[in-house]
Amino acid sequence: WFPIGCPDRAYVVHVTVSSTLDHVAAEEFVSLTTFRRDGSPVAVPVWIARDGDALVVSTPASTGKVKRLRRDPRVELRPCSRRGRVREGAEPVTGLAAVVQPEPHDLAALQQKYGWQYRIGTVVERLVRVRRERVILRITLTEPAP
C-alpha cells in the first residue's frame with residue numbers, strides 16, 4: 001500500500017499482484033524488457049493478455065528475447081505505444097518469464113483480447129513468413145507496481 005492524494009488528505013491504496021496483473025493486462029501494448037548477458041536491457045513492444053495468475057505473450061521461438069529469457073528469466077513491463085515508446089513516468093513491473101509451448105487457453109486469452117487484429121496477424125504471418133514455431137512467454141509478477 002502507499003498514500004496518495006493531496007497533502008492535507010491522504011488515501012491508502014492497497015496494491016496486490018492480482019490488481020497489478022489486471023492493470024498490465026489492460027494495456028494494449030507493453031514494453032517487455034529482457035536482459036543481455038552483460039545486463040544491458042533490450043525492450044520490445046508486445047501484445048499481452050492475462051491468463052489466470054500470469055500474463056502471456058506469443059512470440060516466434062527463434063527471437064532474441066526467447067534466447068535471453070532461457071538464460072535469464074527476469075523481465076520488466078511498462079505501458080507503451082505500438083512502436084514501443086514508453087510513457088513518461090511509467091513505473092516498471094517486474095516478473096519472471098517461462099518459455100513454454102502454446103496451450104489453447106494461452107492463445108484464447110490473446111485472441112479474446114485482440115480479436116480481429118490477432119486473427120489477421122496470424123493469417124498475415126502465415127502468408128508472409130515461413131511458418132515459424134511459436135512459444136508462449138508465461139510471466140508471473142515478482143512484485144506489484146507502486
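How many of the residues of strand 3 are buried? In this predicted model, the count is 6 of the 6, so strand 3 is largely enclosed by the rest of the structure. Look at its two sides in turn: Val30, Leu32 and Thr34 are buried on one, and Ser31, Thr33 and Phe35 are buried on the other, so both faces are covered.

Now for the neighbours of strand 3. On the sheet level, we have an open arrangement of 7 strands in the order 4-3-7-8-9-6-5, paired antiparallel. Strand 4 (41–46) and strand 5 (49–51) sit at the edges with a single partner strand each, so one side of each has no neighbour in the sheet. On average, neighbouring strands here are turned by 40° against each other, ignoring direction. As a reminder, strands of a sheet pair through backbone hydrogen bonds, either parallel or antiparallel.

Strand 3 and strand 4 run antiparallel and are joined by 6 bridges, with Leu32 standing opposite Val44 of strand 4. The hairpin these two strands form has 5 residues between them, and Gly39 takes a positive phi near 95° there. Strand 3 (residues 30–35) also pairs with strand 7 (residues 74–79), again in the antiparallel sense, over 4 bridges. In that pairing, Ser31 stands opposite Arg78, while Val30 has Pro79 as its bridge partner.

Next, find helix 2 (residues 64–71). Helix 2 lies across strands 3, 4, 6, 7, 8 (93–100) and 9 (134–141), and runs at about 50° to strand 3.

What about the nonpolar interior? The largest nonpolar core has 20 residues, and Val24, Leu32, Ile48, Leu55, Leu77, Ile139 and Leu141 are those with the most contacts inside it. At least two residues each come from helix 1 (17–25), strand 3, strand 6, helix 2, strand 7, strand 8 and strand 9. Strand 9 gives the most, with 4 residues. Leu32 is a handy residue to click on: leaving aside residues up to four places away in sequence, its contacts include Val42, Val44 and Val46, along with Lys65, Leu77, Leu137 and Ile139. Apart from this core lies another one, of 6 residues, among them Val56, Leu110, Tyr114 and Ile136.

Tyr114 deserves a second look. There is 1 aromatic pair by the ring-distance rule, and its members are Trp47 and Tyr114, with ring centres 4.3 Å apart and planes at 10°, so the pair is stacked. Trp47 lies in the loop between strand 4 and strand 5, and Tyr114 in helix 3 (residues 104–128), so the pair ties together parts 67 residues apart in sequence. How do the two partners compare in exposure? Trp47 counts as partly exposed because its relative accessibility is 22%, whereas Tyr114, at 4%, counts as buried.

Finally, hop over to Ser58, in strand 6 (residues 54–60). Is Ser58 buried or exposed? Ser58 counts as buried, because its relative accessibility is 18% and the cut-off is under 20%. The side chain of Ser58 makes a polar contact with the side chain of Arg134, at 3.0 Å. Not counting residues up to four places away in sequence, Ser58 touches Leu107, Leu110, Arg134, Val135 and Ile136. Two of those names, Leu110 and Ile136, are among the residues of the 6-residue core.

Technical notes: Residues numbered from 1 in each chain as written. Predicted model: local features only at pLDDT ≥ 70, side-chain atom pairs only at ≥ 80, totals over all residues. Heavy atoms only, no water. Buried < 20%, exposed > 50% of the residue type's maximum accessible area, 1.4 Å probe, protein only. Polar contact = N/O pair within 3.5 Å; in protein donor to acceptor, adjacent residues only side chain to side chain. Contact = heavy atoms within 4.5 Å. Pairing = 2+ DSSP bridges. Axes fitted to C-alpha atoms, helices over the stretch in contact; angles between N-to-C directions. Core = buried A, V, L, I, M, F, W, Y, C linked by side-chain atoms within 4.5 Å. Phe/Tyr/Trp six-rings, centres within 6.5 Å; stacked < 30°, edge-to-face > 60°.
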